[in-house]
Amino acid sequence: MSEVQKAENKDGETTYDFLFDGRYVSSIYLIYQSKTDISSRMKVTFYDGYGQKEVMELEDTASFLLGKSAVWVDQKVDSLKLTVENKDADKLNSIIFVNHTVFSWAKFLLVFSVLLLSYIFVSHCTFLEKDPNGCTQWYQLH
């Protein structure tokens, strides 16, 4: 990042402006302390696959119990404007920009489950058939 600016406005929000000069950003993590859920809005200016600038707006609301918020960006970012509501004396401890792949247990379990079910259907279809010879007869015909 080449520049960071912090500006506060009257509406109980804090705005941060970041310049990235086309660097890749995988995701953004916000670490905070709050008594209520925290809301954030991001306006991301990025380069598409053809090198043209585009703008996308992202929103996130995270539980105060977690203390963390993660937003998936996955773009070559030119600039980013982050607005965080800071009502009830919320405190934003840090903003972390990640530019590498992050392991996701949810995605891993989803892929593992799909592969396991596929294996069960193909290898053990007699278990699922009413006719125990149904699968072997189907394989012999095809």
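The exercises below work through the predicted model shown above, each with a solution in steps.

**Exercise 1. Overall make-up**

Determine how many helices and strands the chain has, in what order they come, and what share of the residues counts as buried.

Solution. Begin with the inventory of elements, which comprises three helices and six strands. Reading from the N terminus, the order is β-β-β-β-β-β-α-α-α, after which one can turn to burial and find that 28% of the 142 residues count as buried. The surface comes next: the chain exposes about 10200 Å², and carbon and sulfur atoms supply 56% of that area. Finally, consider contacts with a separation of 6 or more, of which 68% are accounted for by residues 24 or more positions apart.

**Exercise 2. Pairing around strand 5**

Find how many bridges join strand 5 to strand 2 and to strand 3, and in which direction the paired strands run.

Solution. Take strand 2 to begin with: 15 bridges join strand 2 to strand 5, and the two run antiparallel. Within strand 5, the residue standing opposite R23 is V77. Then take strand 3, which eight bridges join to strand 5, again in an antiparallel arrangement. Here K43 has K81 of strand 5 as its bridge partner.

**Exercise 3. The largest nonpolar core**

Identify which residues of the largest nonpolar core touch the most other members, and which strand gives the most to this core.

Solution. The core holds 20 residues, and V44, V73, L80 and L82 are those that touch the most other members. As for its sources, at least two residues each come from strand 2 (13–33), strand 3 (38–47), strand 4 (53–62) and strand 5, with strand 2 giving the most, namely seven residues. To see one core member in its surroundings, follow V44: neighbours within four places in sequence aside, V44 is in contact with E54, V55, M56, L58, V73, V77, S79 and L80. As general background, nonpolar side chains in soluble globular proteins tend to be buried together.

**Exercise 4. A serine in strand 5**

Decide whether S69 is buried or exposed, and list its contacts beyond its neighbours within four places in sequence.

Solution. Locate the residue: S69 lies in strand 5, which covers residues 68–85. Its relative accessibility is 3%, and since the limit for burial is under 20%, S69 counts as buried. Leaving out neighbours within four places in sequence, the contacts of S69 are I28, Y29, L30, Y32, D60 and A62.

**Exercise 5. The salt bridges**

Work out which side chains form the two salt bridges, and classify the partners by accessibility.

Solution. The structure holds two salt bridges. In one of them, the side chains of E13 and R41 meet at 3.2 Å, N to O; this pair links distant parts of the chain, with E13 in strand 2 and R41 in strand 3, 28 residues apart. E13 has a relative accessible area of 13% and is therefore buried, whereas R41, with 34%, is partly exposed.

The side chains of K53 and D78 form a salt bridge as well, at 3.1 Å, N to O. This pair, too, links distant parts of the chain, K53 being in strand 4 and D78 in strand 5, 25 residues apart. Because exposure requires over 50%, K53 counts as exposed at 51% relative accessibility, while D78 is buried, with a relative accessible area of 14%.

Definitions and conventions
Residues numbered from 1 in each chain as written. Predicted model: local features only at pLDDT ≥ 70, side-chain atom pairs only at ≥ 80, totals over all residues. Heavy atoms only, no water. Helix = DSSP H or I, 4+ residues; strand = E, 2+ residues; numbered from the N terminus. Buried < 20%, exposed > 50% of the residue type's maximum accessible area, 1.4 Å probe, protein only. Contact = heavy atoms within 4.5 Å. Core = buried A, V, L, I, M, F, W, Y, C linked by side-chain atoms within 4.5 Å. Pairing = 2+ DSSP bridges. Areas by Shrake-Rupley, 256 points an atom, 1.4 Å probe, with all protein chains shown as cover. Salt bridge = Lys/Arg side-chain N within 4 Å of Asp/Glu carboxyl O.
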